[in-house]
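Trainee: I would like to take a close look at a single part of this model, the surroundings of its ligand, and then to follow the chain outward from there.

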Amino acid sequence: LPDAPAMCPLEMRKNTRWGVATASYQVEGGWNLGGRTPSVWDTFSHAGFIKNNDTGDVACDMYHKYPQDFKLMRELGIKHYRFSFSWNRILPQGGKGTPVNPEGIAFYNSLINEMIANNIRPYATIFHWDLPQVLQDKYQGLIGEEFIADFVNYANVLFENFGDRIRDWMTFNEPWVTCVLQYGQGVFAPGIPMGDEGMYKCGHNLLKAHAKTYELYHKAPQAKLDNATFADAARGKVPQAKLDNATFADAARGKVGIAHNIEYLEPLTHAAALKANNVTCYFLLEFLQVPQAKLDNVTFADAARGKVGIALNIEYLEPLTEAKEDVAAANYGLEKNLGWFADPLFFGDYPASLKSCAKDVLPSFTAEESKLLKGSLDFLGINFYTGKFAKGSTTDKCSVETREQDVNGKDIGPLAESSWLRVVPWSFYKLLKYVQSRYDPKQIIITENGVSAPKEDSMSVQQAIRDDFRVNYYKGYLDYLCKAISEGVKVNTYFAWSFMDNFEWREGYSQRFGINHVDFDSPELTRTTKDSGKFLSKHFFRVGRGGGVGARRPGGRQP
Ligand code: PNW
């Protein structure tokens with residue numbers, strides 16, 4: 001295995017959180033189990049729109065195999081895991097006012113508890129493209145304004161059921177892909193092209209749903225987020241040592257409201273539990289003496305409440321030449337693709353360039369919506385894969401042509417297995433510097449970064465796990481990530497895409513992004529760690545910061 005990237009000193013690798021990511025439809029399987037109804041991706045794949053007629057019916061069968069997967073993560077030293085919830089598993093009828101599926105809640109309770117038991121901190125994506133089919137049928141999914149209330153309701157169900165153990169939330173994964181590929185072009189499920197008008201309508205509804213979810217989370221009474229915690233503590237699932245440490249004490253102080261709540265509902269049980277665990281009234285009285293300022297400080301808010309962000313994808317654009325129009329095109333391209341979502345979240349409105357270029361189809365925000373959007377994120381998630389050259393036009397400021405070769409015809413980087421993905425390590429650095437200077441985010445999480453490696457069908461598992469191509473990709477990209485961090489870019493958490501080979505959307509199982517190989521031909525769907533997994537494990541996962549799992553939420557709520 002190669003050494004750690006030159007620009008990643010040990011101290012920086014130690015101070016950063018390194019993890020892996022997946023998404024529900026790509027890994028779970030169990031498509032019709034436990035009360036789950038179809039999502040648009042089930043419908044789309046069953047209709048034969050995926051390469052080789054693949055579907056996510058079984059995928060990596062993580063629905064059943066998560067205990068062994070978390071064991072493998074633990075063995076690799078992985079302490080941070082980004083996953084997504086399947087909306088239709090939680091709410092089979094999708095919408096507000098429809099019943100929550102107890103089997104769906106139980107499944108995710110087990111999943112999260114197993115994660116935490118393996119010392120892995122959960123980071124949850126609320127929506128990673130798998131919309132319940134019923135909501136597509138009802139109002140065309142993200143095209144319909146009803147989507148907003150239904151999304152916020154769904155998020156609320158997640159906060160109330162899992163907010164006691166999950167502190168890091170991403171509302172949407174890659175709004176650009178959802179609105180351009182799912183709705184605008186219709187090349188992704190549900191596969192109905194809605195043109196530019198539909199695309200911008202989708203983005204508008206998505207942004208409003210995000211902002212309302214952010215508001216809901218931060219305004220929710222603490223009791224709603226914490227309803228299981230104190231009960232768990234009182235029931236004796238917490239080792240005394242944990243009750244005594246400072247972090248837990250901070251959190252425990254905030255549980256008086258919960259105690260009151262439980263007392264009201266179950267006075268005898270609660271009193272008995274308190275006695276049994278030697279948690280005295282003196283403890284509660286102490287809480288009342290804590291000055292309010294202490295309860296309101298950042299540390300407590302962080303511990304008690306967690307963070308809500310979003311995961312935006314962006315390809316870096318480098319001007320093809322120094323000509324004014326190429327520089328302007330690269331800039332406009334970034335505003336059009338990233339600024340479309342990032343500007344409203346940071347500044348409260350779409351970029352002026354986009355408003356002018358898309359004036360016939362871009363909706364506008366009311367003053368109130370603008371206010372709600374502005375600053376509605378605690379961290380910015382970035383999914384980063386590649387960069388391209390941009391060429392402008394001297395006559396049309398709205399034109400951006402992207403290229404993969406420079407003016408001499410030289411490739412910008414080697415081509416991966418995916419047609420859109422070339423290996424361009426320096427573009428990561430340039431994009432990060434751009435984001436830090438334009439938005440000045442308090443915290444950036446690299447929510448995805450990875451590559452599909454060229455692989456012949458005839459390759460054996462033993463050959464496929466020697467993935468030098470991917471090792472080199474990670475080595476190069478992480479080098480430039482570290483350079484950016486050393487220059488003040490505020491990335492403190494990074495997720496490799498993906499933990500394992502999985503259902504790669506339209507490409508089915510033909511394109512592999514995993515740092516663990518999955519043998520889709522074996523009945524056990526055997527996982528085997530690739531060289532890239534060993535490389536990341538040795539230099540990043542093992543040496544990086546832990547998640548502090550369980551300091552505040554020991555054990556969590558049991559299913
Ligand atoms: C991301 N593009 O998708 C997704 O978040 C993952 O679910 C996916 O598996 C991964 O990247 C690899 O594709 C993308 O066309 C899909 O530029 C398409 C593009 C970028 C990212």
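How far is an oxygen atom of the ligand from an N or O atom in the side chain of glutamate 448?

Mentor: In this predicted model, the separation between an oxygen atom of the ligand and an N or O atom in the side chain of glutamate 448 is 2.8 Å. Glutamate 448 belongs to a group of 14 residues that surround the ligand, and it is listed among the closest of them together with Gln26, His128, Glu504 and Trp505. Two further glutamates can be described in the same terms: for glutamate 504, an N or O atom of the side chain is 2.6 Å from a ligand oxygen, and for glutamate 174 the corresponding value is 3.1 Å.

Glutamate 174 deserves a second look for its backbone, since its phi is near 50°, a positive value in a residue other than glycine. The residue sits in the loop that runs between β4 (168–173) and α9. On the other side of α9 (175–184), the loop leading to α10 (195–219) contains proline 190, and the peptide bond that joins alanine 189 to proline 190 is cis, with omega about 5°. A second cis peptide bond links tryptophan 497 to serine 498, where omega is near 15°; serine 498 lies in the loop between β11 (491–497) and β12 (516–518).

From α10 one can turn to the helix packing, where two packed helices are described by the angle between their axes and the distance between the axes. The axes of α10 and helix α8 (residues 146–162) come within 9 Å and cross at roughly 35°, and the crossing is right-handed. On the α8 side the participants include Phe147, Ile148, Phe151 and Phe159, which meet a set of α10 residues including Ala209, Leu216 and Tyr217. Sorted by class, this contact has 9 nonpolar, 3 polar and 2 charged residues.

Another pair is formed by helix α20 (residues 324–347) and helix α23 (residues 425–439), whose axes come within 12 Å and cross at roughly 45°, which makes α20 oblique to α23. Here too the crossing is right-handed, as α20 passes α23. The contact draws on α20 residues including Leu334, Leu338, Ala342, Phe346 and Phe347, and on α23 residues including Leu431, Tyr434, Val435 and Tyr439. Its residues divide into 9 nonpolar, 2 polar and 3 charged.

Finally, helix α25 (residues 468–486) packs with helix α26 (residues 531–541) at an angle of about 30°, their axes being 8 Å apart. Asp468, Arg470, Val471, Tyr474, Lys475 and Leu478 of α25 make this contact with Asp531, Ser532, Phe535, Leu536 and Phe540 of α26, and by class these residues comprise 6 nonpolar, 1 polar and 4 charged.

Methods: Residues are numbered from 1 along each chain as its sequence is written. This is a predicted model: local features need pLDDT of at least 70, side-chain atom pairs count only at pLDDT 80 or more; totals for chains, interfaces and linings use all residues. Side-chain values use heavy atoms; hydrogens and water are left out. Axes are lines fitted to C-alpha atoms, for helices over the stretch in contact, and angles run from 0 to 180 degrees between N-to-C directions. Helices (H or I, at least four residues) and strands (E, at least two) are DSSP runs, numbered from the N terminus. Angles under 35 degrees count as roughly parallel, over 145 as roughly antiparallel, 65 to 115 as roughly perpendicular and the rest as oblique. A crossing is left-handed if the near helix is turned anticlockwise from the far one by less than a right angle, and right-handed if clockwise. Contact means heavy atoms within 4.5 Å. Ala, Val, Leu, Ile, Met, Phe, Trp, Tyr, Cys and Pro count as nonpolar, Asp, Glu, Lys and Arg as charged, and the others, Gly among them, as polar. A residue is near a molecule or strand if one of its heavy atoms lies within 4 Å of it. A polar contact is a pair of N or O atoms within 3.5 Å; within protein, one must be able to donate a hydrogen and the other to accept it, and residues adjacent in sequence count only if both atoms are side-chain atoms.
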